[in-house]
Amino acid sequence: MKLGKVIAATGVRMRTTAVAVFALALAIAAAGVVVVLLLEESLDRSVTESARSTGRQVAIQLVREGARDLSASDVASTGDTEAVTQVLNARGVPIASDPAIVGHPPLTAARPSVGHETIETLPLGLNGDSDDYRVVSQEVNGPGGPYTVISARSLEPVTEASTRLTLLLGLIAVPLLAISGLAVYRAVGSALRPVERMRRTVAEISTRDLAARVPLPPGGDEVHRLAVTLNEMLSRLASAQAAQRRFVADASHELRSPLSTISTALDVSGRHPESTGDLVPVIGRETARLRELVDDLLMLARTDDTTDRPSRTEVDLDDIVRAEAERVRGECALDVEVRAGPAKVRGSEAQLRRAVRNLVDNARGHARSRIRVTSSVRGDLAVVEVSDDGPGVGEADRDRIFERFVRLDASRQRGHGGTGLGLPIVAGIAARHGGSARYAESDEPGARFVLELPVLDLPEEE
């Protein structure tokens with residue numbers, strides 16, 4: 001646990017170097033084990049073949065001449081205990097031995113059948129050592145036979161060779177790991193140098209000025225793409241900051257107007273009490289406008305707040321369409337046409353009602369004589385359409401009208417233009433519900449707005 005914390009506390013450069021060195025060490029260790037095993041196998045086969053060859057020479061002589069003329073020199077190998085040979089008669093008694101083991105009991109109890117051999121690895125304990133020997137026993141027929149020829153060779157050279165090779169590989173691995181670690185450390189440092197420059201640049205960027213951009217390193221690798229992403233993020237932040245400042249300025253301007261009117265009316269009323277009765281309607285109208293503006297700002301704040309999770313239920317858009325149409329029909333003399341087809345969605349009923357109301361109020365403010373409100377289902381979308389026979393919206397302004405505090409030239413009078421927040425609220429509510437709001441082309445004169453929301457899938461009734 002402590003080692004993990006220490007590794008986590010180190011930088012990317014050190015962690016990468018450590019991982020690379022560790023991986024290389026594992027690879028060297030695995031390769032070393034394979035090489036040592038292959039060497040041991042090769043030397044082991046060589047020792048076995050050497051012992052078999054020595055015994056076969058003695059066996060050939062026994063087959064030809066028997067043991068009568070067999071002398072110590074015929075079975076002598078190296079003159080020491082590294083390689084020894086012994087011949088046993090039919091009773092298992094040594095009749096000829098290597099000078100180094102004269103008088104030694106039989107080296108093995110194995111007695112193979114004639115024409116066969118037995119290969120063993122035994123600690124013979126010659127001269128008091130505990131080295132293992134490769135023992136090859138052969139049974140042959142000859143004059144006065146049968147005879148058992150035992151040839152043994154020490155495996156100590158195999159052990160020494162594998163040990164030396166292991167030490168050599170270890171000595172080679174130490175400087176190799178050091179050089180590799182240094183190379184990886186410098187390479188990672190070079191690769192991270194542009195990242196460090198980007199970090200310093202971002203650290204120097206203040207919240208008041210987001211115009212600076214991080215330098216783009218050459219190439220199209222991950223670091224280059226990181227720099228591009230950071231610059232795109234800074235651009236989005238700058239745009240959001242500019243939009244926020246513009247929003248605050250517009251909101252301040254919109255709030256200042258009714259507040260100035262109310263303040264002037266109260267000042268006049270204080271100086272001329274007899275005019276208070278005439279100023280009350282003005283104050284009431286501006287207070288209502290101020291309340292409407294504050295409500296719209298609060299609704300916009302809710303639609304922008306991604307942490308706000310209003311309760312969502314099944315909502316019948318056709319019921320909302322009928323209710324809003326009846327409300328407008330009772331408040332004005334316009335011809336209100338309603339085509340409310342069934343359309344169910346899941347969402348906040350209060351917010352969806354507000355969206356439909358804003359569309360209907362926008363149509364009422366621009367219609368000459370007629371408003372049409374419809375609801376329907378098209379594929380997997382529930383659609384609410386609100387149209388009027390007013391002047392319509394120019395093609396250049398059809399996207400701009402969903403921006404905040406935008407009132408077109410024909411609607412800048414406060415009596416018609418409202419706060420400039422109605423359509424942005426509709427767009428925000430639609431986005432929060434996974435849908436969209438847009439201006440749509442119409443074959444008839446006037447404006448046509450479309451609110452599209454994901455339809456609610458209901459289980460089929462049996």
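This passage describes the overall make-up of a predicted model and then the surroundings of one residue, D389.

The protein has 462 residues, of which 36% count as buried. Its secondary structure consists of 10 helices and 12 strands. Among contacts with a sequence separation of 6 or more, 61% are between residues 24 or more positions apart. The accessible surface comes to about 26,400 Å², and carbon and sulfur atoms account for 56% of that area.

An unreviewed UniProt entry gives the feature "transmembrane region" at residues 20-39 and 165-188. In the model, residues 20-39 are 100% helix and 0% strand, with end C-alpha atoms 28 Å apart. Residues 165-188 are likewise 100% helix and 0% strand, and the end C-alpha atoms of this span lie 33 Å apart.

D389 is found in the loop that runs between β10 (381-388) and α9 (414-417). The residue is buried but forms no salt bridge. The nearest side chain of opposite charge is that of R370, at 4.7 Å; a salt bridge is counted only within 4 Å, so this pair does not qualify.

The side chain of D389 does, however, have polar atoms close to backbone nitrogens. One such atom lies 2.9 Å from the backbone nitrogen of R368, and the backbone nitrogen of R370 is 3.3 Å from a polar atom of the D389 side chain. R370 thus appears twice in this description, through its side chain and through its backbone. With neighbours within four places in sequence left aside, the contacts of D389 are A367, R368, S369, R370, P445 and G446.

Key. Residues numbered from 1 in each chain as written. Predicted model: local features only at pLDDT ≥ 70, side-chain atom pairs only at ≥ 80, totals over all residues. Heavy atoms only, no water. Helix = DSSP H or I, 4+ residues; strand = E, 2+ residues; numbered from the N terminus. Buried < 20%, exposed > 50% of the residue type's maximum accessible area, 1.4 Å probe, protein only. Lys, Arg positive; Asp, Glu negative; His and termini not counted. Polar contact = N/O pair within 3.5 Å; in protein donor to acceptor, adjacent residues only side chain to side chain. Contact = heavy atoms within 4.5 Å. Areas by Shrake-Rupley, 256 points an atom, 1.4 Å probe, with all protein chains shown as cover. UniProt positions renumbered as here; feature names shortened; annotations may be inferred.
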